[in-house]
Each structure stands twice: as C-alpha cells, then as structure tokens.
Amino acid sequence: MTRRPMELFSNKLTTRIGTWNVRTLYQSGKCAQVTKEMDRYKIEILGLSEVRWNTSGMTNLNTGHTIIYSGNTKQNDPHEKGVGFLITKRSKTALLEWNPISPRIITARFNSRFQKTTLIQVYAPTNGADDCEKEDFYHSLQTTIEKVPKRDLLVLMGDLNAKVGSERKGWDREIGPMG
C-alpha cells in the first residue's frame with residue numbers, strides 16, 4: 001500500500017510561508033537560531049538565501065525540521081551564495097520533489113488540496129555583479145519557471161537584490177513609499 005502525501009495548502013488550513021536572507025548558516029548555532037524564529041512565527045516553509053553551504057542535499061535536524069539546500073558544486077569551494085528551504089515535519093510529508101538548480105536557485109514541489117504548488121527560492125546577483133553572471137542567473141531562472149507544470153501554483157520568492165529607494169515613478173502599485 002502506497003502512502004498518499006499530505007495536502008499542505010487547503011481552504012480550511014492556514015499555511016505560512018516566508019523567505020529570509022539568513023546571511024549564513026555556515027556558523028555554529030545558526031540553524032538552531034533560524035529554526036527557533038521560524039517556529040515563533042509559525043512558518044511551515046521558509047525559503048533561505050545566502051545559506052553558504054556547499055554541494056546540495058537534504059538534512060534532517062534534531063528539532064524535526066528538514067533543510068533542503070543547493071550551493072556551490074564542490075565541497076572545497078568558497079562558502080558563498082547558496083539557497084534552500086527549511087520545512088517542518090508536516091510540510092515534509094507534503095513534499096513531492098525538490099531540485100537544486102544552482103547555488104542561486106532551488107525548487108520544491110508540494111501536494112496541496114486543489115493543485116500542486118511549486119516554490120522557487122532564489123538569491124539573485126547584485127547589480128555590481130559581472131554581466132555574464134547576471135545573464136546566466138536570469139536565463140536559468142526563466143528556464144526553471146518554464147519547466148514548472150502549467151497546472152501548478154507557482155510561487156517565486158527569495159532575495160532578488162532589488163534596488164531600494166524612494167524613486168518609484170511608474171512602479172507606484174508595486175513599490176510602497178518607503179522603498
């Protein structure tokens with residue numbers, strides 16, 4: 001008998017998702033700190049940017065949470081960039097699949113009541129980055145979005161390194177007066 005995945009999102013259940021730039025998880029105690037804050041805010045799925053873990057994988061924490069992550073390809077590479085998802089036990093039962101695209105993009109697909117939900121967590125290059133790196137990132141992101149099943153609910157989240165400031169002419173509906 002096969003086990004049916006739990007349905008995470010439904011009209012009778014509130015499921016909180018969020019995204020944080022954690023600046024690093026490559027320090028002692030950082031995972032515990034982020035997990036504690038996640039629980040305090042009752043977040044089920046937390047997208048993480050700037051994780052700074054190399055390679056990719058899934059790690060179960062002693063709190064019952066799970067981290068899925070994507071970083072630089074080699075273990076000895078500099079500990080920079082990196083994205084991931086920190087998910088609760090409940091969310092893990094609804095996790096259908098995940099895919100580490102690059103050190104800047106990861107996807108996770110969840111079962112939900114009416115349609116599957118795909119989350120894409122990103123950590124975009126800053127404006128000061130090399131043009132080639134920026135073009136590669138946005139090309140990879142576009143390709144990733146195009147591969148999401150058309151019937152899925154798609155959530156794009158993360159640190160997009162957007163410009164902050166009070167200039168919002170033409171973007172009045174998207175950017176608030178505080179930048």
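This section describes the overall dimensions of a predicted protein model and the arrangement of one of its sheets.

The predicted model comprises 3 helices and 9 strands. Read from the N terminus, these elements follow the order β-α-β-β-β-β-α-β-β-β-α-β. For the 179 residues of the protein, a compact globule would be expected to have a radius of gyration near 16 Å, and the value of 17 Å computed for the model agrees with this expectation. Along the principal axes, the C-alpha atoms occupy a box of roughly 55 × 40 × 35 Å. Of the 179 residues, 40% are buried. The exposed area amounts to about 11100 Å², of which 50% is supplied by carbon and sulfur atoms. Among contacts with a separation of 6 or more, 59% link residues that lie 24 or more positions apart.

Strands S6, S7, S8 and S9 form an open sheet in the order S6-S7-S8-S9, and the pairing within this sheet is mixed. Its edges are formed by strand S6 (95–102) and strand S9 (153–159), each of which pairs on one side only. On average, and with direction ignored, neighbouring strands of the sheet are turned by 15 degrees against each other.

At one edge of the sheet, S6 runs antiparallel to strand S7 (residues 105–110), and the two are joined by 6 bridges. Within this pair, glutamate 97 has arginine 109 of S7 as its bridge partner. The sheet is accompanied by helix H3 (residues 131–147), which packs on it and touches S6, S7, strand S8 (117–123) and S9. The direction of H3 makes about 175 degrees with that of S8.

The pairing of S8 with S9, by contrast with the antiparallel S6 and S7, is parallel and involves 7 bridges. In this pair, isoleucine 120 stands opposite leucine 156 of S9. The connection between these two strands is made through H3: the chain passes from S8 through the helix to S9, giving a β-α-β crossover that is right-handed. Helix H3 thus appears in two roles in this description, as the connecting element of the crossover and as a helix packed on the sheet.

Taken together, the sheet combines an antiparallel pair, S6 with S7, and a parallel pair, S8 with S9, within an arrangement whose pairing is mixed.

Note on methods
Residues are numbered from 1 along each chain as its sequence is written. This is a predicted model: local features need pLDDT of at least 70, side-chain atom pairs count only at pLDDT 80 or more; totals for chains, interfaces and linings use all residues. Side-chain values use heavy atoms; hydrogens and water are left out. Two strands pair if DSSP finds at least two bridges between them. Helices (H or I, at least four residues) and strands (E, at least two) are DSSP runs, numbered from the N terminus. Axes are lines fitted to C-alpha atoms, for helices over the stretch in contact, and angles run from 0 to 180 degrees between N-to-C directions. Contact means heavy atoms within 4.5 Å. The radius of gyration is taken over C-alpha atoms; the globule rule is 2.2 Å times the number of residues to the power 0.38. Buried means under 20% relative accessible area, exposed over 50%, partly exposed in between (1.4 Å probe, protein chains only). Accessible areas come from the Shrake-Rupley method with a 1.4 Å probe; for residues, only the protein chains shown count as cover. A crossover is right-handed if, with the strands pointing away from the viewer, the path from the first strand over the helix to the second runs clockwise.
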